[in-house]
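The following exercises concern backbone geometry, nonpolar cores and internal cavities. Each task is followed by a worked solution.

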Amino acid sequence: MLLQVGGMRSALGLLAVRRACCLSRSNHTSPRTLEYKPIKKVMVANRGEIAIRVFRACTELGIRTVAVYSEQDTGQMHRQKADEAYLIGKGLPPVAAYLDIPDIIKVAKENDVDAIHPGYGFLSERSDFAQACADAGVRFIGPSPEVVRKMGDKVEARAIAIRAGVPVVPGTDGPVTCLSEAQEFSNTYGFPIIFKAAYGGGGRGMRVVKEYEELEENYQRAYSEALAAFGNGALFVEKFVERPRHIEVQILGDKYGNIIHLYERDCSIQRRHQKVVEMAPAVQLDPHLRDRLTADSVNLARQVGYENAGTVEFLVDKHGRHYFIEVNSRLQVEHTVTEQITDVDLVHAQLHVCEGRSLPELGLKQDKIRINGFAIQCRVTTEDPARGFQPDTGRLEVFRTGEGMGIRLDSASAFQGAVISPHYDSLLVKVIASGNDLPAAAAKMNRALAEFRVRGVKTNIPFLQNVLSNDQFLYGTVDTQFIDENQELFNLKPVQNRAQKLLHYLGHVMVNGPTTPIPVKAKPSSIDPVIPPIPLGEPPVGFREVLLREGPEGFAKAVRAHKGLLLMDTTFRDAHQSLLATRVRTHDLKQVAPFVAHNFSNLFSVENWGGATFDVAMRFLCECPWKRLQELRALLPNVPFQMLLRGANAVGYTNYPDNAVFKFCEVAKENGMDIFRVFDSLNYLPNLMLGMEAAGAAGGVVEASISYTGDVSDPMRQKYSLDYYLKLADELVRAGTHILNVKDMAGLLKPESSRMLIGALRDRFPDMPIHVHTHDTAGAGVAAMLACAEAGADIVDVAVDSMAGMTSQPSMGAIVACTKGTKFNTGLPSNSNVYDYSEYWEVARGLYAPFDCTATMKSGNADVYENEIPGGQYTNLHFQAHSMGLGHKFKEVKKSYTEANKLLGDLIKVTPSSKIVGDLAQFMVQNSLTRAEVEERADELSFPLSVVEFLQGHIGIPHGGFPEPFRSKVLKNMPRVEGRPGASLPAMDFQALEKQLRETHGDDITPEDVMSAAMYPKVFQEFKEFTHQFGPVDCLNTRLFLDGPKIAEEFEVELERGKTLHIKALALGDLNKAGQREVFFELNGALRSVLVKDTVAMKEMHFHPKALKDVRGQVGAPMPGKVVEVKVKQGQTVEKGQPLCVLTAMKMETVVNSPLSGTVVRIYVNADSSLEGDDLILEITE
């Protein structure tokens, strides 16, 4: 350590000696008329990366450095990079602080500053600042005040150029003082014209006007921007040269009249007249034109006696004619590319010239300046190209740069934890790439940008990568219209940001609890299930091979010809719907799927999709149901998949256009679905037929279902008699079903009724495969299914033992054991495999303890034969009763369910008809109403919407018709649906829907997404918003998903094969003023933190309201910023596109226009209001 310190001291000592020797040598070898005065201390009157750039150069030359900073910049890096740092502009707005000349001079004098470097922007081109420095005896590192004045005044600079023989664009002789002067110029020269700030550059105060109607608005905006950026709103007007190249020449002069150029830069790639990508030298520039440009630049500099660094800017039209634009009497942002190709340190040169040294003394002679290779600079900014390059603000949660050979980084205050404010420029870092030529430099730049990781704010990196890959760019044939004319540059590759989004999700759960509603206060088990051993190699051939080879008809014949009883496993869907509120995640299904593929290949099918699992996946599990189907298909390729299709309702609870049902089945089949179990909750044949046709047209196996209720063995209950079911079966077989299904949702089939119904169906349809589905609520499920098998059923439904019984299906292990050694042998392997399968689910079930029906229900109940409540609904009603404090009244709820069923005419109770009965039952309990009271007061009660819509005919016509006079009393004069509800709906326009989704969510919309949005528009919208905020949470294990990690817990998350995150939860911070808590993690060994809104705490704090995206009349702020002007009043009528208000952020103004025509009903902001993105500005009603 001592050696290192000694070495550092020695190095500093040598540096001082070198400067002293250099000083002595120059005094003796270079006769001069000016005194050489070394600089000992430099202040940079600027901020960000340019301040740091100058500090570094000063440190290399042994010069002490001083930073100044505003109150808003206390956390900025430039003040830490300097040897000393002082606050300026106390109490002033952010930009005004850096324009406070008296305070800057005062700080310089008080701290013995020899020279001030102005950087770029702010005061860098203000002659009064250069003069103030001279008056205070402080050197200004730049041209003399008089030259700064002449060059800063665009009109005078133009006159000087004319005297020097340099071509200029037609324009006003002086700054315009009013709109009428601009109108007069446009009348003379025509459009397009361009406004330019007379006292500054960088694109501020610059506006192109293409037609007369735009003139006034753009004049006002340009004036306002120039005033805000440079303290003077003066503008001049020029004829706008269309499609030019923007070429600029770097010049350097000393105090002795020596002027050289360092060749040109091409800055044609611009947006809003601000440079985005700069290159040196200009590609495909005619050598003669290069000579003219450089010669004109040097002549112009000599005309005014230019000293120090500067840039002469030109427009070059398509004919090769060049026009002088302006001189920037300062260092340019893009000076870096010139340094790279000439090996000249321009800041060193500035400092030495200011000290009084000559260019020849510095070895800077024109004949020695050579172009060496090629350089590109990209400005990485916090701007969102997808939203018109609107500035983004926020906290940098992650900041990692790209480095390596040929890459230079000039950064500002870009580091993890830095806050990007709306007060200043949006520049994060300048990336400079060097290579032998343009393609080589572009390749290095592309690679470096790909290595960047910036999280917490949007950046323009994806846009820059598109530019660098564009053929026109790589050929060097760009002009200033390049960005506007290449809209494919805005086809931005989405940034995945998966790791940081997952941290946000975990932090959200740690602060606010689970994102999915939890019915009971129970914690997920801390024990993860052990996956049973899985053999190597491919799984054995199963029934799906028959289906793929012989098609649906051949498959049905093979099923009927099969010896023994076939089983369908409902563990992957209906079992957990009944026991665990449909909450089982794909993560846990995927774990055990390969085991099922290898050990249960003889299954008829696995029921794993459709029904309630479709919307619940998005709504509560925050995962894509289609992705579940795709992933399970890949892991379980040999066993047919079966889904639940609600006839004309597809997988929804409403009516859809016919083409939507057909399209849904088509997409499901393409994604791996095999068998479509089609049912209708009322056994309404028109709805059933549509579902069957859709499934058949998609190429699926059609399994038409008879929804069962009542008791065919009870002669006293004849509404749903054996004859009713046989006639219904006749219709389904005649319609072409491949398999006939009996769907016993409430578990009402007793052994005797099973024998009667299945025996009659078998006698009627000897060649038709028969499949029976039931629930074990009463505990007689195994006996009933064995009776079905004896009566001729080919397939029965089971669930693995630990997921069977109660409101689920009968036990797989019990059926396998009971049929072993009989003609009904299931053909499944030994029970040991069933036990291993069951053990996995027994432990996995513990992860879902908050949803487990056993939290409130300890057993099944034979009273289901009376109330006829379907299995899944039985569980849900039990949960609801307990959550509402009615757990002790569940018996009363069940009784009301029975009464509600009778009120509605004794319905078949399957989703959604079962929900209608349940809604009416809860309505009766909550209002303490008996059946008689409901019937008597039916014309005055406010019934649940589901009940009203049922009576209107929205889900079809029930067997036996609607209950009268109850229906008429409820509906009164309300409209009624005649016939099949969906028949009159217009066809769905899927192309229009896809276009709308792409506009809202980007181009990564799939056909599956379109179907999700068609089925559940609002649920899909919320799901996409969730994934945009939190990413793909399906890679988290279930305990972390539901409960989040414990402090100090370490865990791994596999994003994809070969990409694993190592995460440790570290700490939870206190509540801040914004209602947030900072949550700390360690990610792959690096410290990360996220800010999470505490939703409970925020309810007690006041915040500006947000604009709701789905309410057209709510106008939100397109970006964070400050309101400059509100252009409308409450009650005013506005037209679509009319300006409503003006926002400013990062010195750029944006006009917010009306999205529709209407009346302003309320304004939520006023001038000087500070807004965050999407803050509500005003409301308009049409």
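A residue is buried under 20% relative accessible area, exposed over 50%, and partly exposed in between. The model used here is predicted.

**Exercise 1.** Determine whether Lys-972 is buried, partly exposed or exposed, and describe its backbone.

Solution. Step 1: Lys-972 has 46% relative accessibility, and therefore counts as partly exposed. Step 2: its phi is positive, about 50°, although Lys-972 is not a glycine. Step 3: Lys-972 is placed in the loop between helix H37 (966-971) and helix H38 (990-1001).

**Exercise 2.** Carry out the analysis for Tyr-263.

Solution. Step 1: the relative accessibility of Tyr-263 is 18%, so the residue counts as buried. Step 2: Tyr-263 is not a glycine, yet its phi is positive at about 65°. Step 3: Tyr-263 belongs to strand E10 (residues 259-271).

**Exercise 3.** Locate Pro-912 and characterise the peptide bond that precedes it.

Solution. Step 1: the bond from Thr-911 to Pro-912 is cis, with omega near 10°. Step 2: Pro-912 occurs in the loop between helix H33 (890-903) and helix H34 (913-926). Step 3: Thr-911 is also among the residues lining the largest cavity, including Arg-573, Asp-574 and Val-910. Step 4: this cavity holds about 60 Å³ of space, and its lining comprises five nonpolar, three polar and three charged residues.

**Exercise 4.** Describe the surroundings of Phe-664 in the largest nonpolar core.

Solution. Step 1: the core has 179 residues, and Phe-664 is one of those touching the most other members. Step 2: helix H18 (residues 498-512) gives the most to this core, with eight residues. Step 3: beyond four places in sequence, Phe-664 touches residues including Trp-609, Phe-614, Met-1011 and Met-1015.

Conventions: Residues numbered from 1 in each chain as written. Predicted model: local features only at pLDDT ≥ 70, side-chain atom pairs only at ≥ 80, totals over all residues. Heavy atoms only, no water. 1 Å grid on protein atoms, 1.4 Å probe; cavity = no way out; pocket = protein on both sides within 12 Å on 5 of 7 lines; lining within 4 Å. Points joined across faces, edges and corners; volume = space filled by probe spheres on them. Nonpolar A, V, L, I, M, F, W, Y, C, P; charged D, E, K, R; others polar. Core = buried A, V, L, I, M, F, W, Y, C linked by side-chain atoms within 4.5 Å. Buried < 20%, exposed > 50% of the residue type's maximum accessible area, 1.4 Å probe, protein only. Helix = DSSP H or I, 4+ residues; strand = E, 2+ residues; numbered from the N terminus. Contact = heavy atoms within 4.5 Å.
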